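Reader: Take me through this one, please. How should I read its packing, its sheet and its domains?

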Amino acid sequence: MKLGVKGKNLRFCYQNRCIIEDTDFHVDPGEFCVIVGANGSGKSTLLNLLCGVSLPQAGQIDWVDETGKTMDPKGHVAYVRQNIATTHAGFPATASEILLSALNGKTKWYRGYTSANRNKVNAILNQVGLSEMGHTRISDLSGGQIQRVFLGQALMCDPETILLDEPTSSLDPAFSRKFFELLKKINQERGTTIIAITHDMALAREFADTVYCLEDTSIVQLEKSQIEEELRHKHSHPHKEETHGTL
Amino acid sequence: MELFNYEFMRRALIVGTTVALVVPAIGQVLVLKRMSMVSDALSHVSLAGVALGLVVGINPVLTAILACLLAVFGMEKLRKVLPEYGETAIAVVLSLGIGLAAILSDFTQSVTNFNSFLFGSIVAIPDDEFRLILIVGALVLSLYLIFYRALFSVTLDETFSRLAGVNVKLTNLVFMVLTALTVSIAAKTVGALIVSSLATLPVLSGMRIAKSYRQTTFVAIALGLLFTLSGLVMSFYFGIKPGGAIVLIGVATYLILIAVTYRKGEAR
C-alpha cells in the first residue's frame, strides 16, 4: 500500500500571525515531495499539522491510500524531527536500541525483542550504510550517521510515508546529497512517500517529484522554471540562502 | 558486621536499597528529558506535605505523596499555559513548596521531626512509614518495568512514538505519578534537599561509562545502591548524616569518572 495526504482549506494561526490560510495541499501516494520556504514561513508547522502534533483551526487533513480510502496515520507514517543529530547527540543509546525502539508501540512489555526483530535491525542498518555501527552509542557517531540512525528508526515501522523536518540542516553539502540519494532509493525501492523540508533548492530540483513553497500563508506548487529561477538568483546572490521574491 | 546487630540499621539498609533502586531509575528519564530540576522542585513540595502531615497528625510520608502528586499535575498544567516559558513552572512550584513548608513548619509540634526531612532520617523510620515506603517502592519499580520501553521511546521522541503506536499520554501520566511517588519516599529517607542529587549523580556517572541505554540503567541503579549503602555504613561508623554522606560519595565518584573518562578523550 502507498499513502498520500490531502489538506483542504487549511488554516493555522499563532496568536499574532497566520501561517496558513484557506490553502489546499496534496501529496500523491508514492511521491517524493519537498517543501521549501524562508525561515519562519511555517514549514515545520505544516509538518506538525500533517503528523497531528497540531490541529488545523479550519479545514481538514486526510491520509489516503491509492484507492482514495482514508487512513489513520498512526502506524503508517513515521516522522524524523528537526536537528535530531544535534539534540540527541548525547543520548546514551546504541544505534540498534534506537531502531528497536520503533517497535515499542507494538510489542508487549513482557516480551523480548525477537531474532526476526534483530535481523530487521541489521538489514536496515545495512540499508542506511551503518552495518558495523549497531552496537555503537550514537554519541560516538557523526551528525550524518546519527541522522541515518533516525531514518533507520523510521524505516523499522515499515511506514508508507516518512516526514522529515530539515534532515540535512546539520550536514555538509556532500553528505546532504548522499542523504537525499538514500531517501530517493527508499522512495523508489519501497514505494514510500517522502515529504521532506529543506532549504536546499538544488536538492529539491534534483530529487523531488513535487516542490511546494510556503509563502504569505499559502502553499504554492513550484514549476521547474521557478526552481531554476530561484537557483539562478541564489548563484548571483550567494549570501542569500533563503527563498525570495515571488516564491 | 556490627551494624547488622541493630534493628534500626537493618531497617535503614532495606529502605536504602528500595530508594536506591527506584530513584536512579526514574532519574535516568528525568535527566534525559532535561527535567532534573523537577525532582528538586518536588522535593521542596514534599517538605510542605510533610509539614502539613505533622500539623494535622497524619503520616507525613502520605501527605508528602499527596502534595507531590498535586504539584506534578500543577506543574504540567502551568507548562501548557506557558509553553514558551515551560521551565518557569518548575521555579513556581519550587517556590510554592518552600513557602508553604516554611509557614507550616511554624505550626508543627516537633521541629526535630520536620528537620529530619531536610537531610533525611533513614535510621529513624517508624513502622507505618517503613511499610508505606516499601509498598510505594515496589509499586514504582513494577510500573517502571512495565513502562520501561515506552519511557525510552517517549524520552527519545514523543511525536515519533505517538505515530509508532506508543500511548504517549498514558506513559507521560504514569511517569509523572512515578516521579511524585519516588521523590516523596526519597525525601523522607535521604532528605528533601538531597533527593535530586540521588536522581542525577548515579545517572550522570552511568552515562560516562555505559555503552548503551540499558547498561546506563543498570550502572545507574548499581551506583545508586553503592552510594546509598556506603553512605549508610559511613554514617553508622562516623556519626555523620546519611544523606550528606550519600551525596558526597556520589559527587566524588562522578568527579573521578570525569577525570578518568576525560583522559581517555571520551567527552560525554
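Author: Start with a helix on a sheet. Helix α1 (residues 43-50) of chain A lies across β3 (32-37), β7, β8 (193-197) and β9 (210-215) of chain A. It runs at about 145° to β8(A). Axes are lines fitted to C-alpha atoms, for helices over the stretch in contact, and angles run from 0 to 180 degrees between N-to-C directions. Contact means C-beta atoms, placed from the backbone, within 7 Å. Helices (H or I, at least four residues) and strands (E, at least two) are DSSP runs, numbered from the N terminus.

Reader: How far can I lean on the model and its numbering?

Author: This is a predicted model: local features need pLDDT of at least 70, side-chain atom pairs count only at pLDDT 80 or more, and totals for chains, interfaces and linings use all residues. Residues are numbered from 1 along each chain as its sequence is written, with chains lettered from A and ligands numbered from 1 in the order in which they are written.

Reader: What is the strand order of the open sheet in chain A?

Author: Strands of a sheet pair through backbone hydrogen bonds, either parallel or antiparallel. Here six strands run β6-β7-β8-β3-β9-β10 in chain A, with mixed pairing. β6 (77-80) and β10 (218-221) of chain A are the edges; each has a single partner strand, so one side of each lacks a neighbour in the sheet. Pairing takes at least two DSSP bridges.

Reader: How many bridges join β6(A) to β7 of chain A?

Author: Four, and the two strands run parallel. A:A78 has A:I162 as its bridge partner in β7(A).

Terms used. Contact = placed C-beta atoms within 7 Å.
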